[in-house]
Number of protein chains: 2
Amino acid sequence: VPERIRHALAEPPPHHRTDAFRATLRGVTEALATLHGTQGEVFTLAASGTGAMEAAVINLMAPGARALAVVGGVFGQRWADLLRAHEVPHEVMPHAWGTAPDPAELAARLDADPDLAVVFATHSETSTGTLADVRALARETRARGRVLVVDAVTSLAVHPLEQDAWGLDVVVCGSQKGLMLPPGLATLSLAPWARRAIEGQRRPRFYFDLTRARRGLATGDTPFTPPVSHVLALEVALAMLREEGLAAVHDRHRRLAHAVRAGGLAAGCRLFSSAPSHAVTALEPPAGVEAAAIVRRLREAHGMVVAGGQGELRGRILRVGHMGAHGHDDAVAVSAALAECTAALGAPVAADAAQAAREAWGAA
Amino acid sequence: VPERIRHALAEPPPHHRTDAFRATLRGVTEALATLHGTQGEVFTLAASGTGAMEAAVINLMAPGARALAVVGGVFGQRWADLLRAHEVPHEVMPHAWGTAPDPAELAARLDADPDLAVVFATHSETSTGTLADVRALARETRARGRVLVVDAVTSLAVHPLEQDAWGLDVVVCGSQKGLMLPPGLATLSLAPWARRAIEGQRRPRFYFDLTRARRGLATGDTPFTPPVSHVLALEVALAMLREEGLAAVHDRHRRLAHAVRAGGLAAGCRLFSSAPSHAVTALEPPAGVEAAAIVRRLREAHGMVVAGGQGELRGRILRVGHMGAHGHDDAVAVSAALAECTAALGAPVAADAAQAAREAWGAA
């Protein structure tokens with residue numbers, strides 16, 4: 001979390017029922033809409049990303065309506081878990097972990113089952129470091145009049161995401177990744193044509209009732225106490241993204257990802273995903289080295305926190321996150337540290353990982 | 001929000017899946033249990049207080065089970081609204097706004113209707129500045145084997161609250177009042193004997209599913225990303241409450257409330273509540289003066305933010321909040337400012353409001 005944002009968190013929070021705070025919230029909402037590439041509504045919620053995912057399910061699913069969850073990792077599975085928890089009749093379209101979902105397969109599933117009204121998918125699947133082509137998925141859903149909901153928690157402000165131009169009906173996002181805030185604020189945005197998708201009889205809803213939130217959206221009022229300090233910090237984060245320029249932010253993440261991949265490969269690891277995202281690089285350790293040992297050594301010898309595998313990938317991969325305020329030197333440093341770890345743990349290290357990262361940054 | 005707490009918010013947030021953060025969360029959870037006076041479980045949620053209220057409803061109400069909402073203001077009404085939103089069969093026990101609910105009436109309602117399994121009540125009703133005797137309510141619920149849920153959002157760390165000793169099955173709380181944090185963290189605590197109250201078939205639940213949260217409670221793990229910075233800040237807030245001493249914190253709030261009431265009376269206002277809380281003082285303006293005019297002048301001429309009335313009290317009262325980090329000088333200052341406003345707005349001011357506040361502080 002950058003210092004400027006942390007300073008904003010430390011400001012004396014204004015009362016939320018003041019004109020000054022309402023103006024701040026309206027400004028943040030407009031800037032978020034720009035960031036999402038939408039002319040539609042953006043709702044901010046006091047919750048983490050999963051709260052916004054639940055908000056999508058309970059606000060979109062009419063009684064009896066059926067859904068399709070696209071599942072290729074822990075966060076895709078979360079959509080299926082949410083649908084089950086809310087007793088939404090649904091199908092699952094599984095795809096191999098570490099691969100992107102196939103738009104043609106989605107099209108076939110939708111053609112075979114015209115009652116699948118809403119499709120839930122994941123843009124950047126953090127558990128596998130994989131990016132889905134949600135623009136291609138949206139072509140299929142839009143052509144068939146279905147609603148597409150995209151979890152963009154780890155893709156917004158990392159990868160390009162053009163909600164309206166790509167035809168994404170609903171996008172959910174959290175604060176603690178590309179937006180560089182601590183966790184505690186989540187957003188849900190509705191494309192302009194999807195405005196009515198939350199109206200009518202839906203799942204029981206109150207705290208996450210978006211029709212209630214809509215009433216105050218234009219004035220900067222919220223039905224329940226908003227996360228005031230996070231909104232102030234988000235204002236700063238959005239200003240930082242504007243100052244850098246969104247294209248430059250995406251460019252930086254692309255270079256970061258390419259550099260870390262090259263560094264990881266030079267350190268003897270293999271890339272887990274066949275469609276790697278720019279948010280997280282998932283690496284399989286060199287033969288004979290345990291992923292958990294690399295994670296531990298990175299923390300203990302280098303002071304770097306990377307994640308292990310989740311779900312069925314537990315013990316099989318490590319995941320280097322590079323969303324948010326990271327740059328060239330971070331990519332080089334983590335690459336060098338990775339190579340030190342794999343070498344210390346007995347793997348042959350083929351190349352200078354730091355140099356590989358530097359070169360990939362330049363070439364990306 | 002005190003400076004020490006704001007500094008904690010500005011610290012670089014640790015990743016939540018680290019031993020250091022898990023230890024912090026466990027420590028905070030234990031300190032909260034002490035603060036609630038319970039040997040039971042305390043769950044922290046990334047949400048505002050209403051989220052924790054919804055968590056209570058969906059985790060406690062089995063299909064078909066009936067509830068009773070005790071309603072004497074906006075926040076009591078919120079219980080009824082939540083029950084309706086979740087299609088929980090329920091009754092309402094209304095009591096006049098500005099009065100405390102009558103335990104004998106509750107007993108009669110419960111005797112007349114043995115199927116009212118869960119009672120939802122409000123400890124400090126912020127919309128009217130009224131305190132309920134939840135200990136007396138709990139005597140009636142406990143004697144009849146019913147579950148009592150208490151909204152303590154604006155009473156915890158203001159008024160004494162002894163969850164286990166008083167027999168309160170469930171207590172919900174938010175971060176932004178007595179706990180002195182910005183909004184964004186809420187808690188729900190279960191008395192030790194109420195552990196099973198959230199088990200079995202319940203309302204559909206996922207983000208707020210406490211059985212899921214329970215699995216990680218002992219280790220400091222949370223099912224979804226916790227509000228990391230708020231947890232760090234809460235650690236500081238709980239340390240501050242311990243340093244001052246909880247009895248001294250309650251004593252300070254009692255003096256604050258008495259001082260503001262005396263100041264308000266000296267300024268020509270009348271006390272709205274017949275059972276005033278120490279969290280908020282609700283005042284009716286002097287005859288011929290509009291409440292909104294006082295609120296406006298306090299803000300514009302004195303830089304003080306007080307609230308107007310909510311719901312059916314809109315335009316009829318003003319509400320001076322004095323939860324959290326306030327003291328003698330604040331009570332005197334707001335009293336003097338109130339008197340300046342009422343005098344400027346044409347009301348006869350009977351006495352020296354600052355002096356009245358000082359005397360009441362000493363005598364309370």
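**Exercise 1.** Which residue forms a salt bridge with A:Asp209, and how far apart are the closest N and O atoms? Classify both partners by accessibility.

*Solution.* The model is predicted, so local features need pLDDT of at least 70 and side-chain atom pairs count only at pLDDT 80 or more, while totals for chains, interfaces and linings use all residues. Residues are numbered from 1 along each chain as its sequence is written, chains are lettered from A and ligands numbered from 1 in the order in which they are written, and side-chain values use heavy atoms, with hydrogens and water left out.

Step 1. Apply the criterion: a salt bridge is a side-chain nitrogen of Lys or Arg within 4 Å of a carboxyl oxygen of Asp or Glu. The partner of A:Asp209 is A:Arg212, with 4.0 Å between the closest N and O atoms.

Step 2. Classify by relative accessible area: under 20% is buried, over 50% exposed, and in between partly exposed (1.4 Å probe, protein chains only). A:Asp209 is buried at 9%; A:Arg212 is partly exposed at 22%.

**Exercise 2.** Place two salt bridges of chain B in the secondary structure.

*Solution.* Helices (H or I, at least four residues) and strands (E, at least two) are DSSP runs, numbered from the N terminus.

Step 1. B:Arg22 and B:Asp19 form a salt bridge at 3.1 Å, N to O. Both belong to helix H2 (residues 19–36) of chain B and are three residues apart, about one turn of the helix. B:Arg22 is buried at 18%, whereas B:Asp19 is exposed at 59%.

Step 2. B:Asp111 pairs with B:Arg144, the closest N and O atoms being 2.7 Å apart. B:Asp111 is in helix H5 (residues 103–112) of chain B and B:Arg144 in the loop between helix H6 (134–143) and strand S7 (147–151) of that chain, so the salt bridge ties together parts 33 residues apart in sequence. B:Asp111 is partly exposed at 48%, and B:Arg144 is partly exposed at 24%.

Step 3. Shared partners also join A:Glu41, A:Arg195, A:Arg196, A:Glu199 and A:Arg214 into one network of salt bridges. Over all chains, the search finds 42 salt bridges.

**Exercise 3.** What is the strand order of the seven-stranded open sheet of chain A, and which helices pack on the sheet?

*Solution.* Two strands pair if DSSP finds at least two bridges between them.

Step 1. The order is S1-S9-S8-S7-S4-S2-S3, with mixed pairing. Strand S1 (41–45) and strand S3 (90–94) of chain A are the edges, each pairing on one side only.

Step 2. Strand S2 (residues 66–71) of chain A pairs with S3(A) in the parallel sense over five bridges. A:Ala67 has A:His90 in S3(A) as its bridge partner.

Step 3. Helix H4 (residues 74–85) of chain A packs on the sheet and touches strands including S2, S3 and strand S4 (116–122) of chain A. Helix H5 (residues 103–112) of chain A also packs on the sheet, touching S2, S3 and S4 of chain A. Contact means heavy atoms within 4.5 Å.

**Exercise 4.** How is chain B laid on chain A?

*Solution.* Superposition is by least squares on the C-alpha atoms of residues with pLDDT of at least 70 in both copies.

Step 1. A turn of 180 degrees and a shift of 0.0 Å along the axis lay chain B on chain A with an RMSD of 0.0 Å. The copies are therefore related as by a two-fold rotation axis.

Step 2. Of the interface residues of chain B, 100% are also interface residues in chain A, so the copies meet through the same surface.

Terms used. Axes fitted to C-alpha atoms, helices over the stretch in contact; angles between N-to-C directions.
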